[in-house]
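Ready for a few short exercises? Have a look at the model below, then work through each task before you read its solution.

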Amino acid sequence: MRREGRRPAGTRSARVVRAGARGLVAAMAMSGVRSFTAAFAGPHEKTPPEAVVEAHAPESVQRLPRRGREAVTELVHWTYGTGGGMVFGLLPARVRLHPVTGPLYGLVIWFGFELALAPVLGLRHTRRHPVLWRVVIALDHVLYGVVVAGRLAPEPPRTRRPAWSACSTAARPRLRGGRGARRAAAWRARRR
């Protein structure tokens, strides 16, 4: 029997899955922006996912044709973006729902890569990028955060059903006349 005031089971996991899906979509959008930017920055500029795959992918991936390596790079980036989205979904609601949390989260993901992950992986190229490249990458991560936070397509607010609506039909009170009857009629109308 469910206690009053508790959320239904699966709410947290559903929230995490939704945030992970938004992270995947955001990572895909970032890939498109980076492809566009790299065309203007020149072939010597590598995105962080490209640098990671180039430096640390197994030999079997390194032997793939260029298109195959690009596909693996995208899968790595999308997986990282999905994981980042899922972590965002674990944040407390009061933090997640604040309007600046998404963009700040995207920047924290980038700074975490630049300041912690890149040095651990031995990726020194991150220090040589021109300022414009860094600005574009920062904006790219702000976009990631906006998408992960659901700011572009927010979920509709959930309405709470009366506690007795979770009861079976047999256990539901039979209300006759007055306000209770109107509530019961409204409940039946919503169920259709």
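**Exercise 1: Thr73**

With a relative accessible area of 8%, Thr73 is buried. Here, buried means under 20% relative accessible area, exposed means over 50%, and partly exposed lies in between (1.4 Å probe, protein chains only). Before going on, note that this is a predicted model, where local features need pLDDT of at least 70 and side-chain atom pairs count only at pLDDT 80 or more, while totals for chains, interfaces and linings use all residues. Residues are numbered from 1 along each chain as its sequence is written, and side-chain values use heavy atoms, with hydrogens and water left out.

Task: find the helix that holds Thr73, and list what Thr73 touches beyond four places in sequence.

Solution.
- Step one: Thr73 sits in helix 4, residues 66-90. Helices are DSSP runs (H or I, at least four residues), numbered from the N terminus.
- Step two: setting aside residues up to four places away, Thr73 touches Pro49, Glu50 and Val53. Contact means heavy atoms within 4.5 Å.

**Exercise 2: Gly23**

Task: decide whether Gly23 is buried or exposed, and find its contacts outside its neighbours within four places in sequence.

Solution.
- Step one: locate Gly23 in helix 1, residues 11-41.
- Step two: read its relative accessible area, which is 0%, so Gly23 is buried.
- Step three: collect the contacts of Gly23, namely Gly81, Thr82, Gly85, Tyr144 and Val148.
- Step four: check a distance along the way. The C-alpha atoms of Gly23 and Val146 are 9.9 Å apart, although 123 residues separate them along the chain.

**Exercise 3: an aromatic pair**

Task: describe the geometry of the pair formed by Phe88 and Tyr105.

Solution.
- Step one: the structure holds 2 aromatic pairs, and Phe88 with Tyr105 is one of them, edge-to-face, at 5.1 Å centre to centre and 65 degrees between the planes. Rings of Phe, Tyr and Trp (its six-membered ring) pair if their centres lie within 6.5 Å; planes under 30 degrees apart count as stacked, over 60 as edge-to-face and the rest as tilted.
- Step two: Phe88 is in helix 4 and Tyr105 in helix 6 (residues 101-121), so the pair ties together parts 17 residues apart in sequence.
- Step three: Phe88 counts as buried at 1% relative accessibility, and Tyr105 counts as buried at 13%.

**Exercise 4: salt bridges in helix 4**

Task: work out which residues are linked in a network of salt bridges.

Solution.
- Step one: count the salt bridges, of which the structure holds 2. A salt bridge is a side-chain nitrogen of Lys or Arg within 4 Å of a carboxyl oxygen of Asp or Glu.
- Step two: Arg66 and Glu70 meet at 2.5 Å, N to O. Both lie in helix 4, 4 residues apart, about one turn of the helix.
- Step three: Glu70 also forms a salt bridge with Arg67, with the closest N and O atoms 3.7 Å apart.
- Step four: put these together, and Arg66, Arg67 and Glu70 form the network.
- Step five: compare the cover. Glu70 is partly exposed at 32% relative accessible area, whereas Arg67 is exposed at 62%.

Notes. Helix = DSSP H or I, 4+ residues; strand = E, 2+ residues; numbered from the N terminus.
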